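Open the model in a viewer and keep the selection tool at hand. The stops below run in order.

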Amino acid sequence: MAIAAPAFAQGSTFNPKGTFADQYGTSFTFSLCGAGTDLCGTLDVLKGKSATPANLTHVGKQVMETTANGPNSWKGKITAGDLSAQVTVTQTGPDTINIQGCRMAILCQTITYKRQ
C-alpha cells in the first residue's frame, strides 16, 4: 500500500533540516515538526542589533513555527522577545534559506541564511 505525499511536497528537492546562518552570525537550526511538513526553528546564535538582553534569553529555544504553504515554502511566526513577526521561510537552494519577517504587514525585511 503506497502512501501519497501531500501535493506541495511532491517534487521537492531541498532538505531544510540543519543549521543556517546569516552574514552577521545569527543562526537557526531547522527541523520538520507537526505533521512532518511544518518547519520549526531554534535560535542558536543571535548577533547584531537584535542581540538585546531580552532577545538573548531566547537563544537555544524554539522561536519559529511555520506551516508548509507550497514547495520549499512555509508561513508562520517568530517570537523571541522583541523579535515577534510574521515570517515566510523559503528554501531557495539546497544550502540557502530566505526568511522574510513582516510587522504590521508592511514593514518587511528578507535575510538570506546559508547552511553551516
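The tour goes from the fold to the strand pairs and then to a pocket.

This is a predicted model, in which local features need pLDDT of at least 70 and side-chain atom pairs count only at pLDDT 80 or more, while totals for chains, interfaces and linings use all residues. Residues are numbered from 1 along each chain as its sequence is written, and side-chain values use heavy atoms, without hydrogens and water.

Show the cartoon. Eight strands (DSSP runs of E, at least two residues, numbered from the N terminus) close into an antiparallel barrel in the order 1-2-3-4-5-6-7-8.

Select residues 18-21 and 107-115. These are strand 1 and strand 8, which pair in the antiparallel sense over two bridges; a pair requires at least two DSSP bridges. Phe20 stands opposite Arg115 in strand 8.

Add strand 7, residues 96-103. Eight bridges join strand 7 to strand 8, again antiparallel, and Ile99 stands opposite Ile111 of strand 8. The two strands form a hairpin with three residues between them. In that turn, Met104 has a positive phi of about 55 degrees.

Now select Ser50, Leu83, Gln109, Ile111 and Tyr113. Of the 25 residues lining the largest pocket, these lie nearest its centre. A pocket is an open set of points on a 1 Å grid over the protein atoms alone, where a 1.4 Å probe fits, with protein on both sides within 12 Å along at least five of seven lines; lining residues have an atom within 4 Å of a point. Strand 6 (85-93), strand 7 and strand 8 each give two or more residues to the lining.

Conventions. Helix = DSSP H or I, 4+ residues; strand = E, 2+ residues; numbered from the N terminus.
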